[in-house]
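Open the model in your viewer and keep the selection panel at hand. The tour goes stop by stop, with what to select and what is found there.

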Amino acid sequence: MDGRRADHQDAAVTRAPDHPLGDRVTVTLHHLVDVLDEYADAVLVRDHGVSLNQYLFLAVLSDLDRPDITTLARCLRVTKAAVSKRVGSFVDAGWVTTSTDPAHARRVVLALTPAGADLVAVAGARLEDEFTNAFAQVTDVDLTALHTDLKTVLAVMQTALAERDPGSPLT
């Protein structure tokens with residue numbers, strides 16, 4: 001471990017309780033998601049040669065019915081330019097196809113290829129196995145109850161988000 005990373009970890013461990021982030025459930029959830037994302041990224045790169053960001057692009061695309069670039073960008077919470085810039089590499093890799101909408105000539109429609117769909121399925125199953133194995137080490141937490149509780153909190157937050165931003169794709 002390099003010195004910079006060790007210093008960062010030491011700072012995180014010794015942070016004062018009154019630090020602006022503090023010891024709050026939202027901070028802990030974000031930290032957990034960051035750790036899960038880094039773990040997933042390492043698994044995906046090692047086993048499938050794709051980053052977590054690439055996998056998420058494909059996984060979100062797989063949940064949509066032939067979206068255009070604008071729709072995919074909104075669902076990924078990035079700009080249209082960010083999606084447009086990346087589409088070519090996904091096409092070149094054989095994971096995505098593009099086509100035009102006959103009703104809107106300037107609209108680019110995206111779809112997974114069979115290879116892209118296979119990658120999402122296989123990599124998603126691998127991530128599920130990896131996380132299930134890692135969570136098997138947790139013996140003093142009822143993971144089923146935690147999952148239920150997290151889904152309840154998620155539903156409450158999605159309702160709150162829908163009231164604040166009715167057009168959000170996260171609701």
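**Stop 1: α3 against α5**

Select α3 and α5, which pack at an angle of about 95 degrees with their axes 12 Å apart. This is a predicted model. Angles from 65 to 115 degrees count as roughly perpendicular, so α3 is roughly perpendicular to α5. Now show side chains: on α3, the contact is made by Asn53, Gln54, Phe57 and Leu58, and on α5 by Val83, Arg86, Val87 and Phe90. Coloured by class, the residues of this contact of α3 with α5 come out as 5 nonpolar, 2 polar and 1 charged.

**Stop 2: α3 against α6**

Keep α3, drop α5 and add α6. The axes of α3 and α6 come within 10 Å and cross at roughly 115 degrees. These two helices, α3 and α6, are therefore roughly perpendicular to each other. The crossing of α3 past α6 is left-handed. To see the contact, select Tyr55, Leu58, Ala59 and Ser62 on α3, then Leu119, Val120, Ala123, Gly124 and Leu127 on α6. The class split for the contact of α3 with α6 is 7 nonpolar, 2 polar and no charged. Leu58 of α3 is worth labelling, as it takes part in the contact with α5 and in the contact with α6.

**Stop 3: the largest pocket**

Clear the selection and turn to the largest pocket, which holds about 2,100 Å³ of space. Which residues lie nearest its centre? Select Leu29, Val33, Leu36, Asp37 and Leu154. They belong to a lining of 42 residues.

Next, colour the helices that contribute. At least two lining residues each come from α2 (25–48), α3 (52–63), α4 (69–76), α5 (80–92), α6 (114–135) and α7 (143–164). Finish on α7, the source of the largest share of the lining, 11 residues. Colouring the whole lining by class gives 28 nonpolar, 8 polar and 6 charged residues.

Note on methods
Residues are numbered from 1 along each chain as its sequence is written. This is a predicted model: local features need pLDDT of at least 70, side-chain atom pairs count only at pLDDT 80 or more; totals for chains, interfaces and linings use all residues. Side-chain values use heavy atoms; hydrogens and water are left out. On a 1 Å grid over the protein atoms alone, a cavity is a set of points where a 1.4 Å probe fits but cannot get out, and a pocket is an open set with protein on both sides within 12 Å along at least five of seven lines; lining residues have an atom within 4 Å of a point. Grid points are joined across faces, edges and corners, and a volume is the space filled by probe spheres set on the points. Helices (H or I, at least four residues) and strands (E, at least two) are DSSP runs, numbered from the N terminus. Ala, Val, Leu, Ile, Met, Phe, Trp, Tyr, Cys and Pro count as nonpolar, Asp, Glu, Lys and Arg as charged, and the others, Gly among them, as polar. Axes are lines fitted to C-alpha atoms, for helices over the stretch in contact, and angles run from 0 to 180 degrees between N-to-C directions. Angles under 35 degrees count as roughly parallel, over 145 as roughly antiparallel, 65 to 115 as roughly perpendicular and the rest as oblique. A crossing is left-handed if the near helix is turned anticlockwise from the far one by less than a right angle, and right-handed if clockwise. Contact means heavy atoms within 4.5 Å.
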